[in-house]
Amino acid sequence: MKTLLLTAALAAGFAFSSHAQTPAAMHDAEAFQKGTFAGATADLAHYNAIYQLDSDDPKLIQQTLRNISNALADTRLKGKVTIELIAFGNGTTLYRKDQPYEAQLTALKQQGVILAQCLNTLKEKKISKDELLPLIAYVPSGNGELIIRQAQGWSLVHP
């Protein structure tokens, strides 16, 4: 009976969407049309984002760190966001003791950012944990971390 009703509703042109426009989204669209839009409304109780770094390019590293700082400073997200930074592949450069990022990473960690490093990369590149900053955590694989976090609903940011 339920199947018959659903089929009838679909045939009649009813749309069922898990992404129906929320009142906030409708308000944002109206504000945009009026020229008063000032960004998305943060109407959820909490947000989660994982930033992916797999490059040793100093400009990209700085951009990633700046992007995270900007997200933390966004007044809409204050007290409502958890951020993780996962480094793997060439991105491991970020966490090396011989690189100039320790002060920025310490500041991010003090703001609650989870700093994670892929263990697969360490094995593949023969990097010892002693070569890395002591303020980081380790995960079995960077790709696994991304897959799990996205399945948990985390937003992926890859500057």
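The largest nonpolar core in this protein has 27 residues, and those with the most contacts inside it are Leu-85, Leu-94, Tyr-95 and Leu-105. Two or more residues of this core come from each of strand 1 (47–53), helix 3 (58–73), strand 2 (81–87) and helix 4 (102–110). Helix 3 is the biggest giver, with 6 residues. Keep in mind as you explore that this is a predicted model.

**Inside the cores**

- In soluble globular proteins, nonpolar side chains tend to be buried together.
- Leu-94 is a good residue to click on: leaving aside neighbours within four places in sequence, Leu-94 is in contact with Leu-53, Ile-61, Leu-65, Leu-85, Tyr-101, Leu-105 and Leu-133.
- Another core, of 8 residues, lies apart from the largest one, and its members include Ile-50, Ile-86, Cys-118 and Trp-154.

**Strand 3 and its partners**

- How many of the 5 residues of strand 3 are buried? The count is 4 of the 5, so strand 3 (residues 114–118) is largely enclosed by the rest of the structure.
- Strand 2 and strand 3 run parallel and are joined by 4 bridges.
- One pair to look for is Leu-85 with its bridge partner in strand 3, Leu-115. You have met Leu-85 already, as one of the residues with the most contacts inside the largest core.
- Strand 3 also runs parallel to strand 4 (residues 137–139), with 3 bridges joining the two.
- Here, Gln-117 stands opposite Tyr-138 in strand 4.

**How the strands are linked**

- Strand 2, helix 4 and strand 3 together form a right-handed β-α-β unit.
- Strand 3, helix 5 (residues 119–125) and strand 4 form a right-handed β-α-β unit too.
- Strand 3 therefore belongs to both units, ending the one that begins with strand 2 and beginning the one that ends with strand 4.**The whole protein**

- The secondary structure comes to 6 helices and 5 strands.
- Following the chain along the sequence, you will meet the pattern α-α-β-α-β-α-β-α-β-α-β.
- Of the 159 residues in the protein, 35% are buried.
- Which share of the contacts between residues at least 6 apart in sequence join residues at least 24 apart? In this protein that share is 66%.
- The protein exposes about 9900 Å², and carbon and sulfur atoms supply 57% of that area.

Conventions. Residues are numbered from 1 along each chain as its sequence is written. This is a predicted model: local features need pLDDT of at least 70, side-chain atom pairs count only at pLDDT 80 or more; totals for chains, interfaces and linings use all residues. Side-chain values use heavy atoms; hydrogens and water are left out. A nonpolar core is a set of buried Ala, Val, Leu, Ile, Met, Phe, Trp, Tyr and Cys residues joined through side-chain atoms within 4.5 Å. Buried means under 20% relative accessible area, exposed over 50%, partly exposed in between (1.4 Å probe, protein chains only). Contact means heavy atoms within 4.5 Å. Two strands pair if DSSP finds at least two bridges between them. A crossover is right-handed if, with the strands pointing away from the viewer, the path from the first strand over the helix to the second runs clockwise. Accessible areas come from the Shrake-Rupley method with a 1.4 Å probe; for residues, only the protein chains shown count as cover.
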